[in-house]
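This briefing goes through one protein chain, topic by topic. Keep the sequence and the 3D view open while reading.

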Amino acid sequence: MQDSAFRTLLRHARPHRRGLVTGALLAAAGSVAGLAQPLVAKSFVEALAADAPVTRQMLLLALLIAGGALAAALGMYAVERSAESVVLGARRRLVGRLPRLRVAELERRPPGDLISRVTADSTLLREAATSNLVDTLVGAVTLAGMLGLMAWLDGVLFLAVLGVVLAVGSCTAVVMPRISRAGQEAQAALGELGSGLERLLGAIRTVKANGAEHREIRSLEQAADSAWRSGVRAAGWTAVAGTSSGLVVQLAFLTVLGLGGARVASGAMDVASLIGFLLYLFYLVGPVAQLAGGVGGLQAGVAAVRRIHEVLDLETEEDAYGPGRVPEADPDAMGAALAFDDVVFRYREDGPAVLDGASFEVPSGGLTAVVGPSGAGKSTLFALLERFYDAEHGSIRVDGHDVRDWDPAELRRTIGYVEQDAPALAGSLRDNLLFAAPGATDADLERVLHQVGLRPLVDNLPEGLDTRVGHRGSALSGGQRQRVAIARALLRRPRLLLLDEATSQLDALSEAELKDVVSRIARSTTVLVVAHRLSTVVGARRILVMENGRVRAVGSHSDLLRDDSLYRRLAATQGLAPETGHVPALVSRPSGDRPHEPA
Ligand SMILES: Nc1ncnc2c1ncn2[C@@H]1O[C@H](COP(=O)(O)OP(=O)(O)OP(=O)(O)O)[C@@H](O)[C@H]1O
């Protein structure tokens with residue numbers, strides 16, 4: 001795992017290797033220019049002393065200072081640019097993948113944690129995939145070179161030094177995974193902090209109304225504390241690893257002094273070789289510290305890369321579903337037909353069957369309503385039609401083709417879907433309407449605004465369609481949000497319109513108006529409405545009664561009042577006077593829409 005995470009980290013750096021190598025070479029050129037300066041300065045002083053011309057030395061010195069500074073600056077810029085590019089690459093891959101993941105995968109993870117992977121974890125790649133990587137490689141190569149030279153100078157002393165390096169190195173190897181683990185825990189705690197914040201800010205009114213601020217603050221503090229604890233643990237292990245680099249050189253010095261002194265005394269080695277060996281040891285400090293720092297930094301990067309790839313490695317809808325087909329629509333049909341055949345579905349493999357043999361057919365065109373007790377599985381029918389999930393058994397057909405054979409994008413283009421909560425997105429009213437159909441014309445916009453009765457609202461807004469609707473549409477009322485959602489769905493000119501509780505937040509007058517709208521739409525499109533209020537659907541051509549994940553009865557309002565006990569109970573609780581079959585005037589059928597026949 002450690003190994004493959006490291007290889008993955010390298011994969012992030014690979015596309016930017018040119019920038020990294022250029023940066024490293026420029027930095028090296030800057031150092032060489034710095035090293036050459038004392039030599040030129042020496043020659044400058046010598047020339048002055050000899051009363052000789054110094055123009056050449058001055059020019060050379062100026063060139064070395066300016067050129068060295070420029071090379072160092074460019075080198076730093078190239079490495080930093082590559083570092084930013086590594087972060088950009090990871091973020092682009094994450095944001096390019098997240099919206100394409102399957103709904104079930106996304107629902108399994110708190111949004112705050114996903115956000116933290118895109119923002120915080122990707123930042124950790126910055127140093128790891130660039131400077132830490134360069135330090136590790138340069139440190140390792142230099143160390144190997146120096147050890148080689150030492151072996152050439154004196155084999156016995158070399159073996160002693162190698163023993164010390166390996167002993168301390170293996171202790172450090174034990175510490176490194178702990179740094180990585182602590183880093184991963186710190187990042188996970190940050191993810192929890194993000195999720196907590198998202199929960200708090202997403203429901204700030206509920207939190208305040210329930211006086212839960214202090215409890216929420218405590219749980220956020222716990223996540224912050226947990227990140228701190230893991231961070232401190234990582235710092236502790238990093239300090240141990242860092243100290244080991246000093247330790248390796250000190251121990252090696254003592255060993256070489258003792259053993260080398262003895263070898264010189266016995267005549268097995270001359271003093272010059274011992275001095276040379278000690279000098280190499282002195283220079284060993286740099287590469288060993290560089291290697292230890294680089295490897296320590298890489299551990300934090302490995303932890304981040306693991307968290308990033310936990311998301312990147314998830315299956316997208318394209319991976320899972322494949323391209324699919326684009327079935328030919330029947331040009332004469334008034335909308336898409338659909339059929340559920342013995343569909344079984346559960347949200348979790350070990351959970352209850354939410355749909356348990358659901359079967360029904362809806363022919364092209366007209367209004368079909370789905371009613372039933374809460375939790376019967378009504379909204380789940382829509383989720384499966386949109387292919388947010390796949391059924392475990394049975395088939396779901398749209399226009400005669402199994403939804404699993406459809407190209408998912410084409411399937412969703414065919415369907416207009418208004419969710420239960422009808423969320424609006426932050427932005428202007430126009431952005432919200434054009435969200436699903438960016439190419440819609442002003443005339444299209446006008447048409448749907450009139451259709452859903454939003455024109456008067458827009459006329460009263462100071463900035464009209466350019467009015468901002470706030471986070472999740474908080475500047476709109478619940479009913480207005482629903483109308484916006486319906487208008488948005490209609491702009492796509494769907495062949496199948498799914499309205500989930502579409503009128504639950506409307507007042508009686510608006511509800512009656514919208515009922516007219518829906519009836520009109522149902523003349524040219526198949527419309528499926530999930531409704532709690534039977535008053536909104538008594539005029540539907542057919543009503544499906546759902547209970548415990550099955551469709552238990554199908555018929556018109558009057559058929560069902562006569563034949564289905566559950567429907568009768570639902571109707572009775574809503575004052576639809578089943579004994580008399582009386583329907584209140586407010587919910588009378590829109591003119592021209594006859595319940596039993598195609599409109
Ligand atoms: N995303 C989900 N993950 C897990 N379980 C879910 C999910 N969505 C719904 N359920 C469960 O599936 C069952 C059916 O839910 P569904 O929303 O389809 O019912 P419904 O008939 O539309 O109810 P309501 O009328 O209250 O909206 C419920 O028990 C619900 O808890």
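The domain assignment divides the chain into domain 1, residues 2–318, and domain 2, made of 323–379 + 386–587. The model is predicted. Between the C-alpha centres of domain 1 and domain 2 the distance is 55 Å. The points below cover the record annotations, two sheets and the surroundings of a ligand.

**Annotated regions**

- UniProt, in an unreviewed entry, gives residues 21–300 the feature "domain: ABC transmembrane type-1".
- In the model, residues 21–300 are 92% helix and 0% strand, with 22 Å between the end C-alpha atoms.
- The unreviewed UniProt entry also places the feature "transmembrane region" at residues 58–79, 158–176, 234–257 and 277–298.
- Residues 158–176 are 100% helix and 0% strand, and their end C-alpha atoms lie 26 Å apart.
- Residues 234–257 are 100% helix and 0% strand as well, and here the end C-alpha atoms are 35 Å apart.

**The sheet of six strands**

- Strands of a sheet pair through backbone hydrogen bonds, and the pairing can be parallel or antiparallel.
- One open sheet has six strands in the order β6-β7-β8-β3-β9-β10, and its pairing is mixed.
- Strands β6 (415–418) and β10 (550–555) each have a single partner strand, so one side of each has no neighbour in the sheet.
- From one strand to the next, the twist averages 20 degrees.
- Helix α16, residues 478–491, packs on this sheet and touches β6 and β7 (496–500). The direction of α16 makes about 175 degrees with that of β6.
- Strand β3 (residues 366–371) pairs with strand β9 (residues 542–547) in the parallel sense, over four bridges.
- V370 has L544 in β9 as its bridge partner.
- Helix α19, residues 565–573, lies across β3, β9 and β10. The angle between α19 and β9 is about 100 degrees.

**The sheet of four strands**

- Another open sheet has four strands in the order β2-β1-β4-β5, and the pairing is antiparallel.
- Its edge strands are β2 (355–362) and β5 (401–402), each of which pairs on one side only.
- Strand β4, residues 393–398, runs antiparallel to β5 and is joined to β5 by two bridges.
- The bridge partner of V398 is H401, in β5.
- Helix α11 packs on this sheet, where α11 touches β1 (338–345), β2 and β4. The direction of α11 makes about 110 degrees with that of β1.

**Around the ligand**

- Which residues surround the ligand? They are E107, Y347, V354, G372, S374, G375, A376, G377, K378, S379 and T380.
- Helix α11 (residues 378–385) supplies three residues, the largest share of this shell.
- By type, the shell has three nonpolar, six polar and two charged residues.
- Helix α11 thus appears under two topics: α11 contributes to the ligand shell, and α11 packs on the sheet that contains β1, β2 and β4.

Conventions. Residues are numbered from 1 along each chain as its sequence is written. This is a predicted model: local features need pLDDT of at least 70, side-chain atom pairs count only at pLDDT 80 or more; totals for chains, interfaces and linings use all residues. Domain bounds come from an automatic or database domain assignment. Two strands pair if DSSP finds at least two bridges between them. Axes are lines fitted to C-alpha atoms, for helices over the stretch in contact, and angles run from 0 to 180 degrees between N-to-C directions. Two residues are in contact if their C-beta atoms, placed from the backbone, lie within 7 Å. A residue is near a molecule or strand if its C-beta atom, placed from the backbone, lies within 6 Å of it. Ala, Val, Leu, Ile, Met, Phe, Trp, Tyr, Cys and Pro count as nonpolar, Asp, Glu, Lys and Arg as charged, and the others, Gly among them, as polar. UniProt positions are given in the numbering used here, feature names are shortened, and annotations may be inferred rather than shown by experiment.
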